[in-house]
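Got the viewer open and a selection box ready? Here is a walk through the model, stop by stop.

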Amino acid sequence: LALLTSGDRGASTTSDQLIRSMCAYSGRYHVEGNRLNTMVDSAWLPAWVGTQQLRTFKRDGNMLSLMTDFQDHPRYPGRRTRGVLMWRKE
């Protein structure tokens, strides 16, 4: 399960803003080299159900990074972006 939310999701936030400030999906996954492949069975975005979500990961000491491939940004046509999550083991 992956669940990501924005840090500014307050009680006065509208339901539309709440949906735009989160991402969640789950499913079986497998690892090949430095790629994580999740077959999505449940998601906040119905279009993701039944798809594969591919991520690249990198370990560097106590840091783990998980990255999407570069893609066109849906809200900013013509701009290519990638999502990056980073964890640090304490």
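Start with the salt bridges: the structure holds three of them, where a salt bridge is a side-chain nitrogen of Lys or Arg within 4 Å of a carboxyl oxygen of Asp or Glu. Before you click, keep in mind that this is a predicted model, with local features needing pLDDT of at least 70, side-chain atom pairs counting only at pLDDT 80 or more, and totals for chains, interfaces and linings using all residues. Residues are numbered from 1 along each chain as its sequence is written, and side-chain values use heavy atoms, with hydrogens and water left out.

**Stop 1: the charged pairs**

Select Asp-69 and Arg-35. Their closest N and O atoms are 2.9 Å apart, making a salt bridge. What does the pair tie together? Asp-69 sits in the loop between β5 and β6 and Arg-35 in strand β3, so the contact links parts that are 34 residues apart in sequence. Strand labels here follow DSSP runs numbered from the N terminus, with helices being H or I runs of at least four residues and strands being E runs of at least two. Turn on a surface and you'll find Asp-69 partly exposed at 35% relative accessibility, while Arg-35 is partly exposed with a relative accessible area of 25%. The classes use a 1.4 Å probe on protein chains only: buried is under 20% relative accessible area, exposed is over 50%, and partly exposed is in between.

Next, pick Arg-80 and Asp-72. This salt bridge has its closest N and O atoms 3.4 Å apart. Arg-80 counts as exposed at 52% relative accessibility, and Asp-72 is exposed too, at 51%.

Then go to Arg-88 and Glu-90, whose side chains meet in a salt bridge at 2.9 Å, N to O. Both Arg-88 and Glu-90 are exposed.

While Arg-88 is selected, add Asp-60. The two are 28 residues apart in sequence and 9.6 Å apart in space, C-alpha to C-alpha. Asp-60 belongs to strand β4 and counts as exposed, at 55% relative accessibility.

**Stop 2: the sheet**

Switch to cartoon. Which order do the strands take? Six of them form an open antiparallel sheet, β1-β2-β3-β4-β5-β8, with two strands taken as paired if DSSP finds at least two bridges between them. β1 and β8 stand at the edges with a single partner strand each, so one side of each has no neighbour in the sheet. Neighbouring strands are turned by 35° against each other on average, direction ignored; the axes behind that are lines fitted to C-alpha atoms, for helices over the stretch in contact, and angles run from 0 to 180 degrees between N-to-C directions.

Now zoom in on β3, β4 and β5. Five bridges join β3 to β4, which run antiparallel, and β4 and β5 pair in the antiparallel sense over five bridges. Select Thr-56 in β4: Arg-35, from the first salt-bridge stop, stands opposite Thr-56, and Thr-56 also stands opposite Met-67 in β5. One residue along, Phe-57 has Leu-66 in β5 as its bridge partner. Follow the hairpin of β4 and β5 to its turn, where two residues lie between the strands and Gly-61 has a positive phi of about 65°.

**Stop 3: the pocket**

Show the largest pocket, which holds about 1200 Å³ of space. Pockets come from a 1 Å grid over the protein atoms alone: a cavity is a set of points where a 1.4 Å probe fits but cannot get out, whereas a pocket is an open set with protein on both sides within 12 Å along at least five of seven lines, and lining residues have an atom within 4 Å of a point. Points are joined across faces, edges and corners, and the volume is the space filled by probe spheres set on them.

Which residues should you select to find the centre? Of the 40 lining residues, Leu-4, Cys-23, Trp-44, Trp-48 and Arg-55 lie nearest. The largest share of the lining, six residues, comes from β2.

**Last stop: zoom out**

The protein chain has one helix and eight strands, and its C-alpha atoms fill a box of roughly 40 × 35 × 30 Å along the principal axes. Of its 90 residues, 19% count as buried.
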